[in-house]
Structures are given as C-alpha cells and as structure tokens.
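Please look at the sequence and the model below, and follow a few chosen residues through their surroundings, one after another.

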Amino acid sequence: MSIFNTIAFAAANPAFNIVTFVGSAQAGNNNGVSVTVDISSIDVQSGDIIIVHHTVGEDNGDQTSSMTLTDSGFASLTTGYGNDTYDVNHKIHYKTADGTETSVVSDAFPTASSSVILQVMVFRSASTLTLISTDLGTNSDDPVFTGATGLIVGNMVICAASTGHISGESASQEYTSGGDLDQFITDAENDSEDCTAGLGCKAIIAQTSFTPAQWTMTGNGTASSYVASTMVLS
C-alpha cells in the first residue's frame, strides 16, 4: 500500500540537508500497561525529529486508535493492522523536539492480554518526513519492505516492522536484519498475544534507491502477521 505522504518540518531546502542519526532506545511490557522509554542519555536538541515505533500484539481487531502517547506534540504518520491467526497493531508517531525531552511514554492499552513495545530514534537536520509505504503481510513472520527511490545524498531511510505471534520473547523471537542498515534495534514481548518490533535506518551517501532486506524471526509461520513501514527523512 504505497502512500507517499510528506510532512514538512522547516523551511530549509532538503537538497542541502545531511540528516544524521542521534540515538535510539526501546522498552516493552505486557498486560497492556503503559511503557516508558528513557531517552535522557540521548543528546536531544531543539529541532531534532523524534520517531516512535509503537507495536501491540492483540487479536481483538484493529485497535491502532488506542495506541496513544502521554507526551505532547506527537502526531501519527501511519498505522497498520496485521490480521491473521495472530494479529499485530503498528503505529508510527513523530514530533519536532523542543530539546527538553527525556522520555517517551505510552498510555495504557485497553486490553490486559496485550504485549506492548515502544522504540525511539532521534535524527538531526531533517526538514521533511515522507512515508513511502506501509505494507501488511499474512502467513509469515518475516516483514518485507517497499523500497525508496529518488533518493539523494544526505537522505535517511527509516524502516519499522511489527510481527504478531505467540512464540514468546527469547532472542529467536527478535528480528535479525539483513545487515544492510546503519542502525537497528529489535525487541520481543510475551503475553496472551506476543509481538516483535524492529526499527532501523540507512544513511544515503551515494545510491538513488534503497530497499531494506527482509527481516527474519522465529514465530508461528503461516499463522503470523506483520506490518512494515518505509519512510525517508530529508
């Protein structure tokens, strides 16, 4: 499902921006409780862009509207609901930082059997955020991404994915990336419905297109579902 939704942050010309990665952090929990990600060790400055990947494992239908943050200033870029035997809810939040941020906190989720993961990445010198695509997958643990084209030097490609399963939260339930990303974080959480989440990025230094390699994990195979988003900061 290609969308190409562009959010402008500043008047700067993207052709002259060199977007840089500042830092990342993640946290998860079960029972649908609020999750807090500590970003106090990240050098967040005014004007930075904060990307939050929010994943919930839950089989009671599309509940992405319940995936909210307590922090002010965040907006939703995209949502996706992976629907198979084991479902997953996926949402991307973003904001322009004011430089005082020390944590990102989710509101409690209404279903107590849900597993929840929040992942955060911070970037600098971006003026636009473009959603390339949010893709839904069934019968598979392993997310496949839509590639980004028309890239120029200084762009940053960001990819985020969520898988729904009931296989637990050991290392084998975390994603293995394709090895083509500059930064990558992943986590798995366990409840009545489990989830796996990943967030990564690739700085563009020469190429004009980039398609993230498929991520893999050990879940429930043909009973699992996933959601995968590709974005570009410029």
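The side chains of serine 172 and glutamine 173 are joined by a polar contact of 3.1 Å, in what is a predicted model. Serine 172 sits in the loop between β10 and β11, the latter covering residues 183–189. Because its relative accessible area is 37%, serine 172 counts as partly exposed. When residues up to four places away in sequence are set aside, serine 172 touches Met217 and Thr218. The C-alpha atom of serine 172 is separated by 26 Å from that of asparagine 60, and the two residues are 112 residues apart along the chain.

Met217 and Thr218 also appear among the contacts of aspartate 141, once its neighbours within four places in sequence are left aside, and that list further includes Thr163, Tyr175 and Asn220. Aspartate 141 is found in the loop between β9 (128–138) and β10 (156–165). Is aspartate 141 buried or exposed? Aspartate 141 is buried, because its relative accessible area is 8%, which falls under the 20% limit for that word. A polar atom of the side chain of aspartate 141 lies 3.0 Å from the backbone nitrogen of glycine 221, while a polar contact of 2.6 Å joins the side chain of aspartate 141 to that of serine 224. The C-alpha atoms of aspartate 141 and leucine 181 are separated by 20 Å, with their positions 40 residues apart along the chain.

Two charged residues call for a separate look, and the table sets out the side chain of opposite charge that is nearest to each.

| Buried residue without a salt bridge | Nearest side chain of opposite charge | Distance |
|---|---|---|
| Lysine 202 | Aspartate 182 | 4.1 Å |
| Aspartate 87 | Lysine 91 | 17 Å |

Why does lysine 202 have no salt bridge with aspartate 182? The distance to aspartate 182 is 4.1 Å, whereas a salt bridge has to be within 4 Å, so this pair does not count as one. Lysine 202 is placed in strand β12, which runs over residues 194–203. Not counting residues up to four places away in sequence, lysine 202 touches Asp182 itself, and its other contacts include Asp180, Leu181 and Phe210.

Aspartate 87 lies in the loop between β5 (75–82) and β6 (88–96). Although aspartate 87 has no salt bridge, its side chain makes a polar contact of 2.5 Å with the side chain of tyrosine 81. Tyr81 is also one of the residues that aspartate 87 touches beyond four places in sequence, and among the others are Gly57, Glu58, Gly164 and Ser225.

Technical notes:
Residues are numbered from 1 along each chain as its sequence is written. This is a predicted model: local features need pLDDT of at least 70, side-chain atom pairs count only at pLDDT 80 or more; totals for chains, interfaces and linings use all residues. Side-chain values use heavy atoms; hydrogens and water are left out. Helices (H or I, at least four residues) and strands (E, at least two) are DSSP runs, numbered from the N terminus. Buried means under 20% relative accessible area, exposed over 50%, partly exposed in between (1.4 Å probe, protein chains only). Contact means heavy atoms within 4.5 Å. A polar contact is a pair of N or O atoms within 3.5 Å; within protein, one must be able to donate a hydrogen and the other to accept it, and residues adjacent in sequence count only if both atoms are side-chain atoms. Lys and Arg count as positive and Asp and Glu as negative; His and the chain ends are not counted.
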